[in-house]
Amino acid sequence: MISIFKRELRSALCSVIGFLYLAASLFFFGIYFYVMNLYQGMAHVNYAFASVVYLFSITIPILTMRGFAQEFRDKTDQLLFTAPISLPKIVLGKYLAMLTLFLLPVVVAAFFPLILTGYGDVALAEAYTTLFAYILYGMAAIAIGLFLSSLTNNVVIAAVSTAVVLFVVYTMGGFGELLGVPILQKILGAFHFQARFLTMETGVISLRSVIYFLTAAGAFLIFTVLRLQRYQGGRGGNPKLRTKRLVWLLATILITVGVNVGAELLPDRMMEFDVTMKEFHLLTEDTKEFLDALDKDVVIYVFKKQSDTDGNEAKMLKNYAEYNHVSVEYVDPAVSPRFPMKYTSAGLTEGSIVVTRGEVFRIISYESMYTYSDAEMANYGASPDGFDLEGLLTSAIDYVTTDNLPKVYELSGHGELLLAGEFKTALERENVVLQEIQLVSAKSIPLDADCVLILAPAQDYSEAEINALKNYMDQGGHLYVLLQWTEKQETHLHDFLAEYGVEVCHGVVSEENADVYFQQPYYLIPEIRETTVTEKLAGNLALSAVTVGLKSSDPLVEAIIKTTEKAFLKTNPHEAKGPEMEEGDIQGEYLLGVYKQWEADVTPEGGAEGGAKVTRESRLAVFGSPYMTQDAIDDYISGMNKKLFSTIMSQMISRPQLISIPVKQYSQEYVVVPESDATFFGVILSGVVPGVLLLVGVVVWALRRRR
């Protein structure tokens, strides 16, 4: 068998066919990895691996078509079959050689998820489980191709028939659904390879799928041996041998079917293992700091029998109960059915939580503890994509222990954006009372404003409105501003910011340095710098899209994010021919986000003008991009823009630590890869490596022809 294995492997690597297979496989692996993961920034490499599977109908026939068909065509089969090696060993030797060639690109692809980890959190468990399923699928597909190759002496027919069969088993489930007959759906579903593959794509090792592919591969190898025995025996053959082959054929089919049916009957807990499970019960550092500083007693009531609480929930509640001022009590619905009436007339679903301190309470419904990418999916029994109990609990404890909740006002009336989505949720988790205000009618900022948001106004403010903002800031106010490029400059707003040392440049910033932009030169991904407010976030990437440039010579103005010296300002983006630098663009380093904190001497509320003054801290944060608080952009940066926003807002409302805890995602969605890195790896993996392999194959073929 070893000699056959070496012979076949050497033959494959000394021909164009072997190198063509390697080049084609690595090209498809590389191109999908580049498009999905490097360019689009998806953190799931398993999607790229899964996309390559449907190409088995192209790549596997290249690998298997010469298996026995060429032996028959070249009349070397008799020499092979008369060798002192049994037929099963011949078949196994050829199969292992093909499998080895098949695994070579897989070994290279196994490094792809590790490459991506350099740019963020990657769903490694899903990636390698999918790659394992890919190998299993390939093992079965190669066995099918080898069997079909044993039925003909024409390599083209062997390749075409393999391609057709692999396409059919890939799409078999769709045929069953088209027919709409339950019995036929089950029968055809038994041959649906893709369905077994998909069960493992999400990071669940399904022993049913493992058994299915291994038994399918084994069955077709046995069929190949039986076919070759019949070929050796001729059309007539020994009746006893024919009977023996028939018995082997039936036994193989029955055992294969029986093993798979038995696997289907076993419970899921014995057959499926989720390798993506993480310890979601562990508390974040922000929650630990918050609970350490807690000085009021809180009771958490869980409306559920303790023994029925699932693992992550029970462990997380136990972690909260370890802190001095927090206690957890379980309320059995069967024993205390009237318990919900103390807090709500609508009732509580089993598993809901009530966080209380005296007469103050907050209810956390069981349904809100888990999140879904599409809210409608919860109604169809889909698995959740996030676990949000920590965020809800920490926010609820803060709510019941805070006597005066902070207030934040959003300015409107000038085409401003309003806080929405996850950013609004993050602010609400800080138990901030968020209100909208129009300065045209209000005339002034309310005295209870802890912070004012100005989110990308489309029109300029009037002088009276600017004066209201100045009065607020002179009294120790806090202001968070997002800007956006408009054809007409917002003179009053820009002059107002200039008084605090922030100069707004009229134009949109782009980068020539591909290391610091994502997909497009105006999708900038600078590092967050260490400042008074961003110490814990320093070194992480933010995503600043379509950004107005900022400048400052004020020593109190700290740069949170900024460009490189290769950046340039497009002064009229509407007339630009492209994102590249053109005549009239101004090159230089620009600030993209700044923070300033200073002391203001103010007259206390109710005090006489000119009387005793007190010192208050004024705070100003300005960002040039209108998308800094948009979920769609934040998703690409793994939530870092939201973390930056929450950190700054925590400082604005004078909160000692963050309590807006992000949802614990079961899987990471996006990473951000600089355009230069994406292009580099894309060219190497989908162009250079496959091209070199193909060239080597041609050279080897040419040298052998010369001999």
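A polar contact is a pair of N or O atoms within 3.5 Å; within protein, one of the two must be able to donate a hydrogen and the other to accept it. With that in hand, a good place to enter this predicted model is Arg619. The backbone oxygen of Gln651 lies 3.1 Å from a polar atom of the Arg619 side chain. The side chain of Arg619 also makes a polar contact of 3.4 Å with the side chain of Ser654.

Arg619 belongs to strand β21, which covers residues 614-623. With a relative accessible area of 8%, Arg619 counts as buried, because that value falls under the 20% cut-off. Its surroundings, leaving out residues up to four places away in sequence, include Met473, Gly477, His478 and Leu479. Arg619 likewise touches Tyr595, Lys596, Gln597 and Trp598, and Met652 is another of the residues it touches.

Attention now turns to the nonpolar cores. The largest of them has 80 residues, and those with the most contacts inside it are Phe56, Phe68, Tyr95, Phe102, Tyr134 and Phe193. Helix α9 (residues 124-149) supplies the largest share of this core, 15 residues. A second core, separate from the largest one, has 44 residues, among them Tyr480, Phe518, Leu644 and Val672. Back in the largest core, Phe56 offers a closer view: neighbours within four places in sequence aside, Phe56 is in contact with Pro61, Phe102, Tyr134, Tyr137, Gly138, Ala141 and Leu166.

The strands complete this short tour. In general, strands of a sheet pair through backbone hydrogen bonds, either parallel or antiparallel. One open sheet here has three strands in the order β7-β8-β22, with antiparallel pairing. Its edge strands, each pairing on one side only, are β7 (370-371) and β22 (664-665). Strand β8, made of residues 386-387, is joined to β22 by two bridges, and Gly386 stands opposite Gln665 of β22.

Strand β13 spans residues 503-511 and is mostly covered, with seven of its nine residues buried. Four bridges join β13 to strand β16 (residues 547-551), and these two strands run antiparallel. Within that pairing, Lys551 of β16 is the bridge partner of Glu503. Strand β13 is also joined by four bridges to strand β18 (residues 567-570), again in an antiparallel arrangement. There, Val509 stands opposite Leu569 of β18.

Technical notes
Residues are numbered from 1 along each chain as its sequence is written. This is a predicted model: local features need pLDDT of at least 70, side-chain atom pairs count only at pLDDT 80 or more; totals for chains, interfaces and linings use all residues. Side-chain values use heavy atoms; hydrogens and water are left out. Buried means under 20% relative accessible area, exposed over 50%, partly exposed in between (1.4 Å probe, protein chains only). Contact means heavy atoms within 4.5 Å. A nonpolar core is a set of buried Ala, Val, Leu, Ile, Met, Phe, Trp, Tyr and Cys residues joined through side-chain atoms within 4.5 Å. Two strands pair if DSSP finds at least two bridges between them.
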